[in-house]
Amino acid sequence: MNVGIIIAIVVIVLIALWAISAYNGLVTLRNRVRNGWAQIDVQLKQRADLIPNLVETVKGYASHESEVFTQVTQARAGVVQAAQSGDVAQRIQAENQLSRALVNLQATAEAYPQLQANQNFMDLQSQLKSLEEKIAYARQFYNDVVQKYNTRIEVVPTNIIAGLFHFEQATYFQVDEADRQVPQVKF
């Protein structure tokens with residue numbers, strides 16, 4: 001056999017091995033992104049399930065604060081609708097609105113000392129705080145994986161494989177600009 005043919009075969013085999021490795025790496029990262037989103041989804045579902053109990057408890061002490069309750073209820077309904085749509089960007093926006101509504105609910109609750117002494121409210125508050133910490137961690141993990149995945153899609157030479165197999169950029173879980181502002185609470 002000719003040395004040139006052997007070299008050509010070796011080069012082709014090496015390119016094929018690289019392409020397989022690049023493809024498998026992209027699939028692995030895409031699956032980690034999906035898993036990261038699923039972990040966020042679990043935490044967000046638990047939070048959404050906890051909210052009606054929290055609202056009812058606060059309502060018992062602050063029934064005249066109907067605007068806050070309406071805001072939380074509408075935000076929760078928006079989250080449920082966004083979750084059913086499957087659109088990640090819409091879900092992120094809805095979750096951010098719910099987070100703002102919860103801040104307002106908690107601020108309202110702080111104005112009622114007798115509510116602060118209620119054991120049921122304290123338990124719900126503790127559960128919500130724990131869930132918010134888990135959500136923050138899950139968001140950070142998700143965004144880290146999205147960054148790695150998106151970078152791999154964009155850099156040479158794996159961008160060739162990403163383009164050939166239609167790998168698409170993942171969406172970061174970002175905070176709305178309104179969430180960056182300090183909430184204004186008025187009584």
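Helices in these legends are DSSP runs of H or I with at least four residues, strands are runs of E with at least two, and both are numbered from the N terminus. Everything shown comes from a predicted model, where local features need pLDDT of at least 70, side-chain atom pairs count only at pLDDT 80 or more, and totals for chains, interfaces and linings use all residues. Residue numbers start from 1 along each chain as its sequence is written, and side-chain values use heavy atoms, with hydrogens and water left out.

**View A. How far to trust the model, from α6 to α7.** Let's start with pLDDT, the predictor's confidence in each residue on a scale from 0 to 100. Averaged over the protein it comes to 88, and 93% of the residues reach 70 or more. Among the elements, α6 has the highest mean, 96, while helix α7 (residues 177-180) has the lowest, 54. Over residues 182-187 the pLDDT drops below 50, yet beyond near neighbours in sequence this stretch still has eight contacts in the model (a contact is a pair of heavy atoms within 4.5 Å). Where confidence is low, the predicted coordinates should not be read in detail.

**View B. The largest nonpolar core, around Val58 and Leu105.** A nonpolar core is a set of buried Ala, Val, Leu, Ile, Met, Phe, Trp, Tyr and Cys residues joined through side-chain atoms within 4.5 Å; buried is under 20% relative accessible area, exposed is over 50% and partly exposed is in between, with a 1.4 Å probe and protein chains only. The largest one here has 24 residues, and Val58 and Leu105 have the most contacts inside it. Two or more residues each come from α1 (3-61), α2 (66-85), α3 (88-110) and α5 (119-154). Zoom in on Val58: leaving aside neighbours within four places in sequence, Val58 is in contact with Phe69, Leu105, Ala109, Leu115 and Phe121. Apart from this core lies another, of 21 residues, including Ala22, Val27, Ile92 and Phe173.

**View C. Val3, a residue of α1.** Val3 counts as exposed because its relative accessible area is 56%. Pick Leu105 as the other end of your distance ruler: the two C-alpha atoms are separated by 76 Å, with these positions 102 residues apart along the chain.

**View D. A cis bond and Thr158.** The peptide bond from Val156 to Pro157 is cis, and its omega is near 5°. Pro157 itself is in the loop between α5 and α6. Next comes Thr158, in helix α6 (residues 158-164). With 9% relative accessibility, Thr158 counts as buried. Which residues does Thr158 touch, not counting those up to four places away in sequence? They are Trp18, Ala22, Leu26 and Arg152.

**View E. His166 and its positive phi.** In the loop between α6 and α7 you'll find His166. Its phi is near 60°, a positive value in a residue other than glycine. Is His166 buried or exposed? At 64% relative accessibility, His166 is exposed.

**View F. Gln140 and Phe173.** Gln140 is part of helix α5. With a relative accessible area of 48%, Gln140 is partly exposed. Its C-alpha atom and that of Phe173 are separated by 8.5 Å, although the two residues are 33 apart along the chain. Phe173 is the residue already met among the members of the 21-residue core.

**View G. Ala38 and Tyr142.** Ala38 sits in helix α1. Its relative accessibility is 35%, so Ala38 counts as partly exposed. What separates the C-alpha atoms of Ala38 and Tyr142, 104 residues apart along the chain? The answer is 9.3 Å.
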